[in-house]
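Work through the exercises below with the sequence and the structure open beside you. Try each task before you read its solution.

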Amino acid sequence: MNVPDDVLDLARRAREITVLTGAGMSAESGLATFRDAQTGLWANQDPASLATPEAWEADPARVWAWYRWRMTLMTRAQPNAGHRALAEWSEAGDAHLWVVTQNVDDLHERAGSDVLAHLHGSIFALRCSRCGQDADAVGEPLTEPVERLDPPVCVHCGGLVRPGIVWFGEALPQDALERAEAATLSADLVFVIGTSGIVYPAAGLPIMAHHRGVPVVEINPEETDLSDIATATWRVPAGEALPALLTALRENTA
């Protein structure tokens with residue numbers, strides 16, 4: 001695959017690169033995006049109705065069952081070629097990559113990337129819903145979805161353990177947002193990969209870069225709300241684009 005000249009030139013000259021990834025990148029590994037139609041037991045359930053503090057308070061066993069099934073699906077998924085290419089690029093030494101993701105899975109980490117910030121939390125970073133203390137892993141994945149499942153109990157205070165993600169109505173983790181903003185402010189190039197650009201404050205990061213005159217490269221098969229501010233766009237999936245870009249960069253330095 002040929003890499004567009006403008007994309008290759010920007011990537012070749014950059015030394016501090018911030019990469020913002022979204023649900024489209026995980027979708028290439030077979031994970032349904034959050035708002036995609038669910039299947040099986042949860043086919044008629046609006047995911048948004050399960051992703052709130054109010055839903056947890058009303059019926060924690062129902063919410064936990066859904067998230068345990070999501071954990072299972074994420075555990076089964078494997079990093080795709082795009083995840084692996086980002087990890088290899090960060091190890092190449094020619095540029096420093098900061099990976100900032102809106103995804104709550106661990107596919108970047110399993111591919112070998114050090115993730116600077118999970119803006120929406122991580123589904124596997126469990127914590128107590130009462131005292132906030134970190135909690136241990138929850139054991140083996142489910143073999144099939146269930147309608148209700150009692151959450152684990154916190155060993156510190158006896159509260160119920162919840163997934164470490166940001167629910168609707170909750171603020172993003174401040175430390176993660178600050179790290180992402182700092183990386184964006186210090187970058188000389190920002191990549192936006194597989195994100196729709198409609199969820200804030202994450203979508204504000206490339207806009208921040210654009211206002212500072214920092215080039216923004218969008219990799220996404222579809223046009224998004226961020227396309228208008230992009231310096232360069234590449235309408236292919238990340239799993240195809242990033243390996244091709246990495247190969248081209250290596251050829252340029254050979």
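**Exercise 1.** Find the elements that make a right-handed β-α-β unit with strand 6, and describe how strand 6 is paired and how buried its residues are.

*Solution.* Step 1: strand 6, helix 8 (residues 204-211) and strand 7 make the right-handed β-α-β unit, where right-handed means that, with the strands pointing away from the viewer, the path from the first strand over the helix to the second runs clockwise. Helices (H or I, at least four residues) and strands (E, at least two) are DSSP runs, numbered from the N terminus. The model is predicted, so local features need pLDDT of at least 70 and side-chain atom pairs count only at pLDDT 80 or more, while totals for chains, interfaces and linings use all residues. Residues are numbered from 1 along each chain as its sequence is written, and side-chain values use heavy atoms, with hydrogens and water left out.

Step 2: look at the pairing, for which DSSP must find at least two bridges between two strands. Strand 6 and strand 7 (residues 216-219) run parallel and are joined by 4 bridges, and Val-192 has Glu-218 of strand 7 as its bridge partner. Strand 1 (residues 16-21) also runs parallel to strand 6, with 5 bridges joining the two, and here Ile-17 is partnered by Leu-189.

Step 3: turn to burial (buried is under 20% relative accessible area, exposed over 50%, partly exposed in between, with a 1.4 Å probe and protein chains only). Because 5 of the 5 residues of strand 6 (residues 189-193) are buried, this strand is largely enclosed by the rest of the structure. Leu-189, Phe-191 and Ile-193 point one way, Val-190 and Val-192 the other way, and all are buried. In a regular strand the side chains alternate between the two faces of the sheet.

**Exercise 2.** Which parts of the chain does the salt bridge between Glu-88 and Arg-250 link?

*Solution.* Step 1: a salt bridge needs a side-chain nitrogen of Lys or Arg within 4 Å of a carboxyl oxygen of Asp or Glu. The side chains of Glu-88 and Arg-250 meet in such a bridge, at 3.3 Å from N to O. This pair links distant parts of the chain, since Glu-88 lies in helix 5 (residues 81-91) and Arg-250 in helix 9 (residues 238-253), 162 residues apart.

Step 2: check the exposure of both partners. Glu-88 counts as partly exposed because its relative accessibility is 35%, and Arg-250 counts as partly exposed at 44%.

**Exercise 3.** How many salt bridges does the structure hold?

*Solution.* The structure holds 8 salt bridges, and Asp-9, Arg-12 and Arg-13 are linked in a network of them.
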